[in-house]
Amino acid sequence: SLEMDENEKKTTAYHESGHAITGLIVQHSDPVEKVTIIHRGFSLGATHFMPTKNRLSYWKKEVLDRLVVLMGGRAAEELFVQDLSSGAQHDISQATKFARSMVCEWGMSDELGTVSYDERNEGSQYIGIPGYQSRSYSEETAKKIDDQVKILIDQAHKRAVEILEQNKDRVQLMADMLMEFETLDAIDIKEIMTGIWDAEKKRARL
């Protein structure tokens with residue numbers, strides 16, 4: 001596999017730090033277990049969360065916070081790299097799916113109410129496409145759905161930017177430490193967040 005160049009590595013460090021910091025600040029998020037910029041396959045880095053319960057359903061406040069965390073990587077690139085990479089592709093895709101589910105399937109949109117707009121047929125295929133979705137609403141409603149999905153994602157992005165601006169020192173420190181150590185565990189992350197981080201202790205542990 002090819003080595004990441006320094007610019008790509010730094011961008012990934014800020015990106016993953018953005019996910020981690022937003023995940024640690026929002027109220028409804030699983031604990032951050034590990035942050036790494038060691039790439040695996042097409043993933044240049046990862047922020048690992050440790051679920052505290054089996055996920056059987058989603059609550060609106062949890063999903064809204066998850067959107068913020070998903071937007072945290074892109075927001076960090078904007079603030080610290082002042083450019084945009086394609087590394088947020090998966091985050092954007094996931095955020096769009098969650099936001100659309102909130103609006104179309106879970107009745108979590110005040111504008112569109114408790115109505116199911118997308119009809120799925122998970123057990124069969126239509127023109128060769130598994131899980132085909134049929135649309136049973138007007139173009140006007142389709143535009144409202146698109147508008148509401150965009151509003152949810154834009155609000156999450158704005159909140160992510162606010163969180164990272166308020167925690168710039170922590171983001172910078174975490175990114176710097178990822179550049180040096182490549183992986184930070186739960187203890188490292190807690191020490192960075194509480195202001196007791198000591199890089200020498202980390203070096204000694206290694």
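User: In what order do the three strands of the open sheet stand, and what is their pairing?

Analyst: This is a predicted model. Its three strands form an open sheet whose pairing is antiparallel. The strand order is S2-S1-S7.

User: Why is one side of S2 and of S7 left without a neighbour in the sheet?

Analyst: Strand S2 covers residues 46–49, and strand S7 covers 183–185. Each has a single partner strand, so one side of each lacks a neighbour in the sheet. The reason is that both stand at the edges.

User: Which residue in S7 is the bridge partner of Lys34?

Analyst: Strand S1, residues 32–36, runs antiparallel to S7, and three bridges join the two. Within S7, the bridge partner of Lys34 is Asp185.

User: At what angle to S7 does H5 run?

Analyst: Helix H5 spans residues 168–181. H5 lies across S1 and S7. Its angle to S7 is about 115°.

User: What is the handedness of the crossing of H5 and H6?

Analyst: Helix H5 packs with helix H6, residues 186–194, with their axes 9 Å apart. The angle between the two helices is about 145°. Their crossing is right-handed.

User: How many residues of the contact of H5 with H6 are nonpolar, polar and charged?

Analyst: From H5, the residues Arg170, Leu173 and Met174 take part in the contact. They meet Ile189, Ile192 and Met193 in H6. By class, the residues of this contact are five nonpolar, no polar and one charged.

Key
Residues are numbered from 1 along each chain as its sequence is written. This is a predicted model: local features need pLDDT of at least 70, side-chain atom pairs count only at pLDDT 80 or more; totals for chains, interfaces and linings use all residues. Side-chain values use heavy atoms; hydrogens and water are left out. Axes are lines fitted to C-alpha atoms, for helices over the stretch in contact, and angles run from 0 to 180 degrees between N-to-C directions. Helices (H or I, at least four residues) and strands (E, at least two) are DSSP runs, numbered from the N terminus. A crossing is left-handed if the near helix is turned anticlockwise from the far one by less than a right angle, and right-handed if clockwise. Contact means heavy atoms within 4.5 Å. Ala, Val, Leu, Ile, Met, Phe, Trp, Tyr, Cys and Pro count as nonpolar, Asp, Glu, Lys and Arg as charged, and the others, Gly among them, as polar. Two strands pair if DSSP finds at least two bridges between them.
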